[in-house]
Amino acid sequence: MKVGPSDSTPYFTPANNAGAAVNPDDPGTPTLFKPLRIRDVTLKNRIIVSPMCMYSAESNPASPFVGALTDYHIAHLGQFALKGAGLVFVEAQAVQPNGRISPHDAGLWQEGTDSEQFKGLQRVVKFSHSQGAKVAVQLAHAGRKASVLPPWVASQAGKHSLRADESVFGWPKDVVGPSGGEENIWDPAEGTYWAPRALSIAEIKEVVQAFAKSAELAVKAGVDVIEIHAAHGYLLNQFLSPATNKRTDEYGGSFENRVRIVREVATAIRAVVPQGTPVFLRISATDWLEGQPVAAESGSWALESSLRLVEILPGLGIDLVDVSSGGVHKDQKIKLGPGYQVDLAGELRKAIREAGASTLVGGVGLITEAEQAQSIVQGADEAQQAEAIVTAKADVVFLARQFLREPEWVIITAKKLGVKVTHPHQFWRAL
């Protein structure tokens, strides 16, 4: 095989493309290692590095580097691109400064292509592309779960969370949500989160446009895929769930009103990104609040709600629903276990296919083993019969912590499944 330079970087590096099946059209190649085309983007395999907050960006708002990705992020994300992931997600990018979880979160709110936020993202994208990986960004706003310290700081203090005040560049007076007041703190008894204030309608419109502006910048930086974060108890999820959305205006109350902001964000993003750019939506398929007092009092977001939501996604230009769960309320009772969210993804995918829709589905959550991942997507490729397409639980798998344990998980998995895949040129002498 001829080794050539990558044209993605201003410096020399071989154009690598690890993790691609050598014989993708072979009937014996597992679905996990078959390419997947989404609009104008083709993933070389079905393995995706899920967004993982690293809490490692500059926090001082006076610094031009606030919220910008650094050399750390190139090293962290670049290893996954180098070692074969089909799509590498950059961690959640806050669309507004007060949308960060912690002051040390990454963001993409600075305007223009000369900002350090833009340049930091672009460097990650260029290196990842030189290694043959596609790159996605998750656009997010933390809502009422914002302005807390990095988790390891809280852990050292014996807490699950600690508030970040002005002394560490927090923004306690600008934590926002669909509903405000002390009664809407994530955990009123613990005192580890701030009381939010309710967003005005004008501010909601600003949030919507902030998502669009960040998406537009991400595409200019070379990002291949945009994901809207509407899960894990962050702002958009707070609007979706009646457990956290107590509004009585056009953004609260009925299902149609509670999903309005997601509709508007998706529409705004689709209006500014190229037609060929895939747009994903991450959701919490359930609040895990069944049987809890808050659900009896105000209702909650459950699988039935998600089934209604996926019906409208094709009209919004959403190409894939990334199915996670929980995070919206402290009383959640999550049924943890290997692949604990995969059945939720499977239910949604089955309903989508039975409705004749083509929205793709991503499975995530304690996916760690090669055979496990393969079983989730087996039969999802379009070459299979209709019956097989319905039996697959997802079209792609998202892994996070497992990649922290094993950055070379793609190559290890290929070996376990007996799939011959490409390797980085620099690694050939170790084969």
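In this predicted model, Val3, Trp428 and Leu431 together make a nonpolar surface patch of about 300 Å². Val3 belongs to the segment that precedes strand S1 (36-38). With a relative accessible area of 41%, Val3 is partly exposed; that value is compatible with its place in the patch, because patches are made of residues with over 30% relative accessible area and no salt bridge.

From this surface feature the description turns to the barrel. Eight strands form a closed barrel in the order S3-S4-S5-S8-S9-S10-S11-S12, and their pairing is parallel. From one strand to the next, the twist averages 25°. Strands of a sheet pair through backbone hydrogen bonds, in either a parallel or an antiparallel sense.

One pairing within the barrel is that of strand S5 (residues 134-140) with strand S8 (residues 225-230), which run parallel and are joined by 4 bridges. Here Leu139 stands opposite Ile228 of S8. Helix H2 (residues 116-130) packs on the sheet, where it touches S4 and S5, and the direction of H2 makes about 150° with that of S5. Another helix, H1 (residues 71-82), lies across strand S3 (47-49) and strand S4 (87-94). Relative to S4, helix H1 runs at about 150°.

Elsewhere in the barrel, strand S10 (residues 320-324) pairs with S11 in the parallel sense, over 4 bridges. Within this pairing, Val323 has Gly363 of S11 as its bridge partner. Is strand S11 enclosed or open to the surroundings, and why? Of the 5 residues in S11 (residues 360-364), 5 are buried, so the strand is largely enclosed by the rest of the structure. Leu360, Gly362 and Val364 point one way from S11, while Val361 and Gly363 point the other way; all of them are buried. Burial therefore applies to the residues on either side of the strand, since buried means under 20% relative accessible area.

Val364 also leads to a residue outside the strands. Ser50 lies in the loop between S3 and H1, and Val364 is among the residues in contact with Ser50. Apart from neighbours within four places in sequence, the contacts of Ser50 are Phe89, Arg282, Val364, Phe398, Leu399 and Ala400. The relative accessible area of Ser50 is 2%, so this loop residue is buried, whereas Val3, at 41%, is partly exposed.

Key:
Residues numbered from 1 in each chain as written. Predicted model: local features only at pLDDT ≥ 70, side-chain atom pairs only at ≥ 80, totals over all residues. Heavy atoms only, no water. Patch = residues over 30% accessible without salt bridge, like charges linked within 9 Å, V, L, I, M, F, W, Y side chains within 5 Å. Areas by Shrake-Rupley, 256 points an atom, 1.4 Å probe, with all protein chains shown as cover. Salt bridge = Lys/Arg side-chain N within 4 Å of Asp/Glu carboxyl O. Helix = DSSP H or I, 4+ residues; strand = E, 2+ residues; numbered from the N terminus. Buried < 20%, exposed > 50% of the residue type's maximum accessible area, 1.4 Å probe, protein only. Pairing = 2+ DSSP bridges. Axes fitted to C-alpha atoms, helices over the stretch in contact; angles between N-to-C directions. Contact = heavy atoms within 4.5 Å.
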